[in-house]
Amino acid sequence: SSVANPQFIQQFYSESRLHHLSTWKADLKAQLQSAAKEKSQSQLKRKKPAPGARRYIMHVDFDCFFAAVSTLKRPELQGKPVAVAHGTGSGSEIASCNYEARAHGIKNGMWMKGALQTCPELKVVPYDFPAYEEASRKFYSAILSVDGIVQSVSIDEALVDITTQCLEAGGSDGRGISEGSLYREQARADELADELRATVKKETGCAVSVGIGGNILLAKVALRKAKPAGQFQLKPDAVLDFIGNLTVQDLPGVGYSLGTKLEELGVKLVKDVRD
């Protein structure tokens, strides 16, 4: 644990969260590319959605990935505030925390000193990289079993385009609306999300949340309403009101600095932009 140790660099990388994450990400990306290439051959044989057709995108995300996996082997910690870090020293950084910890004001990236002052009963557990890797692989195995186009976001997060399946269930071209077609499309999207959540829960013992929308942005904001351990489909007739009542900082890519500049222009909510 000291730089005076000649094995320090080797030990650091062997225990480094960022090192493991980058290795996993590269490995999983290669696997996904191979799987996507194989799947594209079968996708080409299917009828592609017409230009302008309705789309259905699922944003799938593990709930508190590190903390959830770490507590699987520690059932006595269920329901208690838990954080994952390399130690309890004041300089340790929290990599992940569960919802019970978040309810006390704990956040990912918080220094341990401040976290323990905020929540003295916080339980701190060490990293378990083999368990994370196993859970991540099972997660992606479930994702790839869905008949859709997959885009990897991280080791515990992915986007899945399920448009073709939904339009086939609706029996329409995705542009017009025949009797009951929209209902059948939306019902199929909910069904696929429910099946995927059940599969991941069975294989990993952990919960994932799923947001469904007509594009990636809508799927991302729907995911926030889906958490924790749920699913939410943002339907076309609800989009304007749902998006409009969000603050601009709720949108991916809009941070404090840009949000402050927009507020100076009188834009606080997304509907202010529309108005």
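The exercises below work through a predicted model of one protein, each with a solution in steps.

The residues are numbered from 1 along each chain as its sequence is written, and side-chain values use heavy atoms, with hydrogens and water left out. Since this is a predicted model, local features need pLDDT of at least 70 and side-chain atom pairs count only at pLDDT 80 or more, while totals for chains, interfaces and linings use all residues.

**Exercise 1. Describe the protein as a whole: how many helices and strands are there, and what share of the residues is buried?**

Step 1. The protein has twelve helices and eight strands, where helices (H or I, at least four residues) and strands (E, at least two) are DSSP runs numbered from the N terminus.

Step 2. Of the 275 residues, 40% are buried; buried means under 20% relative accessible area, exposed means over 50%, and partly exposed lies in between, with a 1.4 Å probe and protein chains only.

Step 3. The accessible surface comes to about 15100 Å², and 55% of it belongs to carbon and sulfur atoms; such areas come from the Shrake-Rupley method with a 1.4 Å probe, and for residues only the protein chains shown count as cover.

Step 4. Among contacts (heavy atoms within 4.5 Å) with a separation of 6 or more, 58% are between residues 24 or more positions apart.

**Exercise 2. Examine helix α7: which of its residues are buried, and what do they pack against?**

Step 1. Helix α7 covers residues 163-170, and six of its eight residues are buried.

Step 2. These buried residues are T163, T164, Q165, C166, L167 and G170, and they pack against β6 (157-161) and α8 (181-204).

Step 3. After α7 comes G171, which has a positive phi, near 70 degrees.

**Exercise 3. Classify Q186: is this residue buried or exposed, and which residues does it touch?**

Step 1. Q186 is found in helix α8, and its relative accessibility is 10%, so Q186 counts as buried.

Step 2. Leaving aside residues up to four places away in sequence, Q186 touches Y56, Q233, K235 and P236.

**Exercise 4. Study the salt bridges: how many are found in the whole structure, and which parts of the chain does the pair K227 and D63 link?**

Step 1. A search of the whole structure finds eleven salt bridges, each being a side-chain nitrogen of Lys or Arg within 4 Å of a carboxyl oxygen of Asp or Glu.

Step 2. In one of them the side chains of K227 and D63 meet, at 2.9 Å from N to O. This pair links distant parts of the chain, 164 residues apart, with K227 in the loop between α9 (216-226) and β8 (231-233) and D63 in the loop between β1 (57-62) and α3 (65-70).

Step 3. K227 counts as partly exposed because its relative accessibility is 25%, whereas D63 counts as buried because its value is 7%. Together with D61, these two residues are linked in a network of salt bridges.

Step 4. Another salt bridge joins D194 and R197, with the closest N and O atoms 3.6 Å apart. The two residues are three residues apart in helix α8, and therefore they are separated by about one helical turn. In general, an α-helix has 3.6 residues a turn, so residues three or four places apart point the same way.

Step 5. D173 forms a salt bridge with R175, the closest N and O atoms being 3.7 Å apart; D173 is partly exposed at 36% relative accessibility, while R175 is exposed at 51%.

**Exercise 5. Find the largest nonpolar core: which residues have the most contacts inside it, and which element gives the most to it?**

Step 1. A nonpolar core is a set of buried Ala, Val, Leu, Ile, Met, Phe, Trp, Tyr and Cys residues joined through side-chain atoms within 4.5 Å. The largest one here has 41 residues, and those with the most contacts inside it are M58, V60, I143 and I162.

Step 2. The elements that give two or more residues to this core include β1, α6 (129-145), α7 and α8, and α6 gives the most, with eight residues.

Step 3. Apart from this core lies another, of 13 residues, among them A222, L234, V248 and L251.

Step 4. Not counting residues up to four places away in sequence, I143 touches V60, V150, A158, V160 and L196.
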